[in-house]
Amino acid sequence: MEEFLVFDKVSKSFGDVQALKNVSLSVKKGEIFSLLGPSGCGKTTLLRVAAGFERPDSGRVYLDGEDITDIPPNRRKVNTIFQNYALFPHMSVWENIAFGLKVAGMPGARITEEVNRMLALVHMEDQARKKPDQISGGQKQRVAIARALINKPRVLLLDEPLAALDLKLRQRMIIELDSIHDEVGITFLFVTHDQGEAMSLSDQIAVMNEGNVEQVGTPVQIYEAPVSSFSAAFIGDANFFEGMVSRVEGADYSRLSIEGFPEVLCFNDQPRSQGDLVYLSVRPEKVRISRDRPRDDERVNMVEGAVEDVIYLGSHTRYWVRVDQYRLAVTRQHQRFQLDEKPVTWGDSVWLSWHADDGFMLQRYEEKDEDLLAFLPEGEE
Amino acid sequence: MKRSRIPLIVAVICFVFLYLPIIVLVINSFNGSRFGSVWGGFSLKWYARLFSDREVWFSLRNTLIIAVSATALSVVLGTLAAFALHRYKTRLQVLHYTLIYTPLVVPDILMGMSLLLLFVSVAMPLGLFTILLAHVTFCISYVAMVVLARLQDFDWSLMMAASDLGAGPWTSFRRVLLPLIMPGIVSGGLLAFTLSLDDFVITFFVAGPGSATLPIQIYSMIRHGSPPMINALSTLLLVFTFTMVWTSQRLMRRTT
């Protein structure tokens, strides 16, 4: 599929703050593309550049091959769903949805037809006469979607559309957004700070941090093969260990020396050479925990540790295990809870093991990696 | 515990204090006798006299001309001032705000005096036009303050939404911003109208011969003695004001 919405080296500053630093991204036609990052990472600014509310200081924006950088918002074939919905309070649901078509000067009969079609799409037929302050948050959300989609935008921009909803409703709206996307087939550019939303909706995710795009990829790629320590730490939980490549074993694996660990084997995402300083990252659910020493396997790393904390979480349990200077998070899914073996508890000495393919190495490149401590898995979320 | 009667008693006393004079005035306007202290039977003769008094009609006409035009002018200027105050945040705005705000707190007598001095010094003949200018001067401030309050509550993302949906600046203004701040403009206008209608002090200073407004006419009627007619006039004014307030409140409820 061809590139549809393209940001080409877009930069934008507000005073001294550089919100976007030379950002290049391309979104394919028909996909749900998420901009994911913490607040202040520039994702909303990028969305506003796409909508036309911000003019980039440098760089261009293309939609379907056409340079739209200088086109004002009201003449762009994109529509936005605002975080607070921004429904017109003095108009009924019906009039809100009809607004775009009325402005465009469409004849009344056709407007009625289109509005009714949109009302059906978002299941709001019986609320058409109500004013925005008479309907619930989820319903406002639907009206906002209908109001944007009725203009048949080429790209729908969604600015944290679910942030104002409570958890249950959010989960339902994710499914609903997905089915609406399937139905209308319009390209979605979705801004969120919630990795769960991004993971469950997106075809592609761009992880953003401090005005840069850290990584672009499918949810699986982002989670399983993060290319930067920021992506690894921001999406999901990850244990980090400082290490050094002590030996490269063929093209596929490296041996790492990490303080307090026996030599660790790890798969090479990219060519490594002896002496590289790296972070080894392992997701908590990839680590197995057992009382007995696992069977030897040359591809499985093993280390002994002491359980410091046990947190029972219903579907799974999280263990905190001390290995030398590191405190590892390990999660274990319950299948037959407490029936399979004597449960691991506080103070137990245990074996941790993970397959070499489940760890990934990240370049230790910048001082800002110190900030990763802020993202280390916490005792409980 | 038994609830104290004191609040009720205080409230009744307050209401009596506030409304008794008005009630006495209304009753007296139907009093056939010339003297308020004696009941001379129900009569509409003061109303009849009032309606045949040419000076009263003349001053009423003046009042309405001034009130309507002062309202129209101050609504436009005041709304523009409120927009300017809201939109641009420079250091000069502090000065602008002070200039708009000052007429609300300056004593009327000072306003009247200074305006009179100004008109005299530029040799402007006193009359309806000077009264109009004076009224616009203080009405602008009220309108600007009311509209500004409304603008401060306005959610500007609505304008972005309108523009996002294809509306140009003018359409967004007309279909989104204007309808939403209209209650502010209307109530500012009504306030201006009411203030202009019953302003006495400032008008007294800047009025010229033949430009007496109703409040000034009433004042001179008291001095030349026909109190029963004033009672009738005041009763009519009361009815008119009530109707206006009632209408404006109904209007506001519908627009918000």
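**View 1. Surroundings of Phe154(B) and Trp156(B) in the predicted model.** Phe154(B) has a relative accessible area of 9% and is therefore classed as buried, whereas Trp156(B), at 24% relative accessibility, counts as partly exposed. Across all chains of this predicted model, 20 aromatic pairs are counted. In the pair formed by Phe154(B) and Trp156(B), the ring centres lie 4.9 Å apart and the ring planes stand at 80°, so the arrangement is edge-to-face, the angle being over the 60 degrees that this class requires.

**View 2. An aromatic cluster in chain A.** Four side chains are shown here, namely Phe241(A), Phe261(A), Tyr326(A) and Trp354(A), which together make up one aromatic cluster.

**View 3. Crossing of helices α5(B) and α6(B).** Helix α5, spanning residues 108-121 of chain B, and helix α6, spanning residues 128-153 of chain B, have axes that come within 11 Å of each other and cross at roughly 135°. Because of this angle, α5(B) is oblique to α6(B), and the crossing of the two helices is right-handed.

**View 4. Residues in the contact of α5(B) with α6(B).** From α5(B), the residues Met111(B), Leu115(B) and Phe119(B) take part, and they meet Thr130(B), Leu133(B), Ala134(B), Thr137(B) and Phe138(B) of α6(B). Sorted by class, this contact of α5(B) with α6(B) comprises 6 nonpolar and 2 polar residues, with no charged residues. The two threonines, Thr130(B) and Thr137(B), belong to α6(B).

Technical notes: Residues numbered from 1 in each chain as written. Chains lettered and ligands numbered in written order. Predicted model: local features only at pLDDT ≥ 70, side-chain atom pairs only at ≥ 80, totals over all residues. Heavy atoms only, no water. Axes fitted to C-alpha atoms, helices over the stretch in contact; angles between N-to-C directions. Helix = DSSP H or I, 4+ residues; strand = E, 2+ residues; numbered from the N terminus. Parallel < 35°, antiparallel > 145°, perpendicular 65-115°, else oblique. Left-handed = near helix turned anticlockwise from the far one by under 90°. Contact = heavy atoms within 4.5 Å. Nonpolar A, V, L, I, M, F, W, Y, C, P; charged D, E, K, R; others polar. Phe/Tyr/Trp six-rings, centres within 6.5 Å; stacked < 30°, edge-to-face > 60°. Buried < 20%, exposed > 50% of the residue type's maximum accessible area, 1.4 Å probe, protein only.
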